[in-house]
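Biologist: I keep meeting labels like "buried" and "irregular" in structure descriptions. Could you walk me through how such labels are earned?

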Amino acid sequence: MVNGYFISALVGVLVFEAIDFVAILLNLRALDPDLPSEFADVYDAETYRRTQDYTRASTRLGIISSVFDLAVLLAFWLAGGFGWLDGVVRSLNTNPIWEGLLFLAILAVARGILDLPFGIYDTFVLEQRFGFNRTTPATFVLDLLKGALIGAVIGVPLLIAFLALFQYAGWPAWIYAWIAAVAFSFLMQFLAPRVIMPLFNKFTPLEEGELKEAILAYARSVDFPVKQLYSIDASRRSSKGNAFFTGFGRNKRIALFDTIIKQQTVPELVAVLAHEIGHYKKRHVLTGTIFSALETGLFLGLFELFTQQQGLFTAFRVDKTSYYAGIIFVSVLMRPLQYVLSIAGAALSRRHERQSDRFAATTTGRGEDLAAALKRLSKDNLGNLTPHPFYVFLNYSHPPTLERVRALSAAEE
Ligand SMILES: [Zn+2]
């Protein structure tokens, strides 16, 4: 069991878990008891204290859940769980595709069940305590069922196709899989807002009035053809606010959470929309898609390279190689690479966010509206105002709000 693969997989997992842990500790120590002066107009002392309590409480839950996940993985791995499960599915003597489907489905369901208590605690205890939760137990259960159904309807055929490609197509199966994966990601960009998200939320066309007119007037001024403008009933699950934009080509839709529509003024909402349109105008969606397509290609190539190595399977206490178990083992082995790429992806995303902020400030001519909207969003979501730079470097897809507000007010002058 102990070979080069075993050592690099184990060390990779432990080292990056330790780096995460250090970043979390630094982040907790960076909580500053003094409110940054830029936020004095929106926060009172009590709200600021609650923000810090929320950061501490959600950090604690995050640590417990990731230590638990790591312990389960190590226990299952070292006790020979993968080899045992492989023996069970192989004893059915069907074909490698069905066996693989069963192997992965059992692991996915087991993981879902083990993680369930954390999800329940997060929604009904933690978020509840800080006044965010609006999810009823019925909605929670329905969400789980819908999630499982979507996983089955989309995931199972995809997995069958993936396993069959590697099993039967021969080299270079990873190239075929890559082309299929990229095509699928485009398909999902189209389907997600139309088919999947409406299963969870109601999209209502934004009603006629001051807000819609202001948004359309702004969109015309930057030559952005808004086709569809929606409000989403996010308030069914949480009081937290957000806005997002989806679609490519001629299929552009913008959706605003009903929670932020209630909480923000019209100029602030236009500024938020301007930021979202900035992502489109600066081709961020395309850049992001290309980045993740390259990442997928790299992982598929490495999958092809390592998935038939007997040594890797021995390291996980499995006797025979298979593509289905290879999915798990190669991804554990590639954890360090995946970690580094996710840092690069986060840096790219923060760069895009800064560009979009500048776009919004320039095109609306009023950076202070976006700054005000960001401050209010951050207050309503109890966002951490003073994250540690190392934690930001590892995890943040957006620059910290304080940095964004400072940049926007510097752009004013
Ligand atoms: Zn953005």
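Modeller: Sure, and keep in mind that this is a predicted model. Let's start with S231, which has a relative accessible area of 15%. Buried means under 20%, so S231 is called buried.

Biologist: Where does S231 lie, and which residues does S231 touch?

Modeller: S231 lies in strand β2, residues 228-232. Leaving out residues up to four places away in sequence, S231 touches K202, F203, T204, L206, L256, D258 and I261.

Biologist: Why is G209 called partly exposed?

Modeller: G209 has 24% relative accessibility. Buried would need under 20% and exposed over 50%, so G209 counts as partly exposed. G209 lies in the loop between β1 (203-205) and α7 (210-221).

Biologist: On to the metal. Which protein atoms are the donors of the zinc ion?

Modeller: They are H275 (NE2), H279 (NE2), E353 (OE) and E353 (OE), at 2.1 to 2.7 Å from the zinc ion. Donors have to be within 2.8 Å, and that range fits.

Biologist: What makes the site of the zinc ion irregular?

Modeller: The angles among its four donor atoms run from 52 to 133°. Tetrahedral needs all angles between 85 and 135 degrees, and square planar needs opposite donors over 155 degrees apart. The 52° end fails the tetrahedral test and the 133° end fails the square planar one, so the site is irregular.

Biologist: What spacing do the donors follow along the chain?

Modeller: The spacing is H-x3-H-x73-E. H275 lies in helix α9 (residues 266-281) and E353 in helix α13 (residues 335-364), so this pair ties together parts that are 78 residues apart in sequence. Both H275 and E353 are buried.

Biologist: Now the nonpolar side. Which residues touch the most other members of the largest nonpolar core?

Modeller: W77, F82, F103, L312, F316 and F329 do, in a core of 36 residues. Helix α12 (residues 323-333) gives the most to this core, with seven residues. There is also a second, separate core of 34 residues, which includes Y43, I215, L377 and V405.

Biologist: How do you know that F82 and F316 are buried?

Modeller: F82 has 3% relative accessibility and F316 has 0%. The limit is under 20%, so F82 counts as buried, and F316 does too.

Biologist: What makes F82 and F316 an edge-to-face pair?

Modeller: Their ring centres are 5.9 Å apart, with 75° between the planes. Rings pair within 6.5 Å, and planes over 60 degrees apart count as edge-to-face, so the label fits this pair. F82 is in helix α3 (residues 81-90) and F316 in the loop between α11 (310-315) and α12, 234 residues apart.

Biologist: Why is the pair of F303 and Y323 called tilted?

Modeller: The centres are 6.4 Å apart and the planes stand at 45°. Stacked needs under 30 degrees and edge-to-face over 60, so this pair is tilted. F303 lies in helix α10 (residues 284-306) and Y323 in helix α12, so the pair ties together parts 20 residues apart in sequence.

Biologist: What puts the charged end of K146 over the ring of F200?

Modeller: The charged end is 5.5 Å from the ring centre. The distance limit is within 6 Å, and there is also an angle limit of within 35 degrees of the ring normal. K146 is found to sit over the ring. R194 likewise lies over the face of F190, at 4.3 Å from the ring centre.

Terms used:
Residues numbered from 1 in each chain as written. Predicted model: local features only at pLDDT ≥ 70, side-chain atom pairs only at ≥ 80, totals over all residues. Heavy atoms only, no water. Donors = N, O, S within 2.8 Å, 3.2 Å for Na, K, Ca; no water. Tetrahedral: all angles 85-135°; square planar, octahedral: opposite > 155°, others 65-115°. Helix = DSSP H or I, 4+ residues; strand = E, 2+ residues; numbered from the N terminus. Buried < 20%, exposed > 50% of the residue type's maximum accessible area, 1.4 Å probe, protein only. Core = buried A, V, L, I, M, F, W, Y, C linked by side-chain atoms within 4.5 Å. Contact = heavy atoms within 4.5 Å. Phe/Tyr/Trp six-rings, centres within 6.5 Å; stacked < 30°, edge-to-face > 60°.
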